[in-house]
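Colleague: I should be grateful for a close look at a single helix of this protein, set against the whole. Kindly begin with the overall picture and then turn to the part itself.

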Amino acid sequence: MRFNLTEQPWLPVVRMDGTRDELDLVTLLTDAHLLRRILGQTPPMTAALHRLVLAFMHRAYGPASEVEWAELWRAERLPTPKVLADRFELFDAERPFLQCPAVAGVAASSAAKLVPHRAVGNNTTLFDHTTASAEVRLTPAEAARWLVTLQAYDPGGMKTPYRKDKASQAAPANAMGMVLVEGGTLKETLLLNLMPYCPDDETPRSTGVDDRPAWEAAPPGPEPDQRHPEGWTDLLTWPARRVWLVPRQIDGSTYVDRVVVTPGTRLAGDPQDREWMAAHRRPKIKEGRTTKGKSTTPTYGPWYPVRLQEHRGVWRFSQELLLAPIGSEERHWQRPLTLDHVARMVMDGVIPRQAVYTLRVFGQQLDSKGSVVQQALEETVAAPVALLRADHPVAGPVIGRSIELANLVGSALNQMDREHRAQFRAPAAHGLDLAYWPLLSRPFDALLEGLARALECGTSPVPATRDWDRAVRRIATEAAVRWAEGSPRQGRNLEIAGQCYGHFVDQLNSEINAYRGHLAGHIE
């Protein structure tokens, strides 16, 4: 039984005409200019497969410099990569891909352990009724996809131990919203996320000469351990679990129906110093005042990766996702390093200045103990390349204040409901956030694109900001009206609801007027 990932199809793709297909690693790259995107069964699978392909590309192409990157970008198609095919055998006895032969003696469990939406062992879910004894058969292609996903996104908690150690850290990608810059073809997408890679020169940062993807290293020992990553491809293929796939022949076909999953390697170090496909931020925790009443330099807390949050929209972190800090200001956010590279390619004229790409952000939400998958998330944010440059000092204040307007108006909506409930000791209204936050995503993308056009053309961004505040007013007002009409109200209930709605309208007008006044000094 053999299944080689460089020769046999397993990577799920969407072609330019919308049809689905599966390709091997080599064909995926040589045909990338003919493909739209990689699309897994779940958002975490899509993210994990991209990370694996990028590590493969770094070892195949580098590129060692921005000049080499530009050559790949301008080429019609990617060159055929040279690979050590024996490192990509899924069922090899000595070096199975992303696995640990030393745990083969541990009692195997159902292959459902590879699939997070299956209910098996402690991984209980609401809608799936699989039991640990139920038979789950995965084709080699399916098993390979879930194996890659498991190493990036497996939740933490207790696992089957190799000997005694049952505790496991949640796999690294759970801690962040993974940012993928998406172009018009898969070739563009992969290159937009492929930074220059030269370990001899420590490029990218924190990547040393010992960096290598998991398939180039010796299989890990069976005992769990902890270490710092050697570099970027090491992190992209991090061995979060010790895994052993158990295949067997059934009616002439190969399936994986049993698997061993034990604790693996815990990741050490600070996230902002090693993870280049995520944005990071430091919240302001203190802003003191001197005896003369002047503000002192603010103090910032520790770094946190930007993560997806249900209902609220990742676009609220557009400043951290898109913009480079300007001048000598203390750095309190860090956008994905891939965007620094894209910005340089725009400035060098390799990427058109008018290009608008998409930031596709992937995430997985775990329960409070970090051991059960609650939901998988995927969101998008427009990424006009004009906003990626650091020489537009207007962009930061406009984007930051526009997001603040949405936050303040959202707070006013919730305050309206709280004031009403306080009078009747009633439960919170359902659906108020859903009637507001999700509807702001598209208008905010329009704001970003309008702002980018204005900055590039040297015109005023006022029309774009006015369209934004009008959208906020319209969406918030419609949400408030639906709240007021959401249930039959009579007598005092109706009177109090009207008063609360009136307070909200006053607050809404006040916030929009303040927004326009605040921006006047920056853009008019």
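Modeller: In this predicted model, the protein comprises 12 helices and 18 strands. Its radius of gyration is 25 Å, close to the 24 Å that the globule rule gives for 524 residues, so the protein is as compact as a globular protein of that length. Along the principal axes, the C-alpha atoms occupy a box of roughly 75 × 55 × 55 Å. Of the 524 residues, 53% are buried. Among contacts with a separation of 6 or more, 69% join residues 24 or more positions apart. The accessible surface amounts to about 23100 Å², and carbon and sulfur atoms contribute 49% of that area.

The part I have chosen is helix α10, which covers residues 441-457. Its 17 residues extend 25 Å from the first C-alpha to the last, close to the 24 Å expected at 1.5 Å a residue. An α-helix has 3.6 residues a turn, so residues three or four places apart point the same way. The buried residues of α10 are P443, F444, D445, L447, L448, G450, L451, A452, A454 and L455. An aspartate, D445, is thus listed with leucines such as L447, L448, L451 and L455.

As to what these buried residues meet, they pack against three other helices, namely α7 (318-322), α9 (395-424) and α11 (462-484), and against the strand β18 (373-384). After α10 comes G458, a residue with a positive phi near 75°.

Technical notes: Residues are numbered from 1 along each chain as its sequence is written. This is a predicted model: local features need pLDDT of at least 70, side-chain atom pairs count only at pLDDT 80 or more; totals for chains, interfaces and linings use all residues. Side-chain values use heavy atoms; hydrogens and water are left out. Helices (H or I, at least four residues) and strands (E, at least two) are DSSP runs, numbered from the N terminus. The radius of gyration is taken over C-alpha atoms; the globule rule is 2.2 Å times the number of residues to the power 0.38. Buried means under 20% relative accessible area, exposed over 50%, partly exposed in between (1.4 Å probe, protein chains only). Contact means heavy atoms within 4.5 Å. Accessible areas come from the Shrake-Rupley method with a 1.4 Å probe; for residues, only the protein chains shown count as cover. The expected span of a helix is 1.5 Å times one less than its number of residues.
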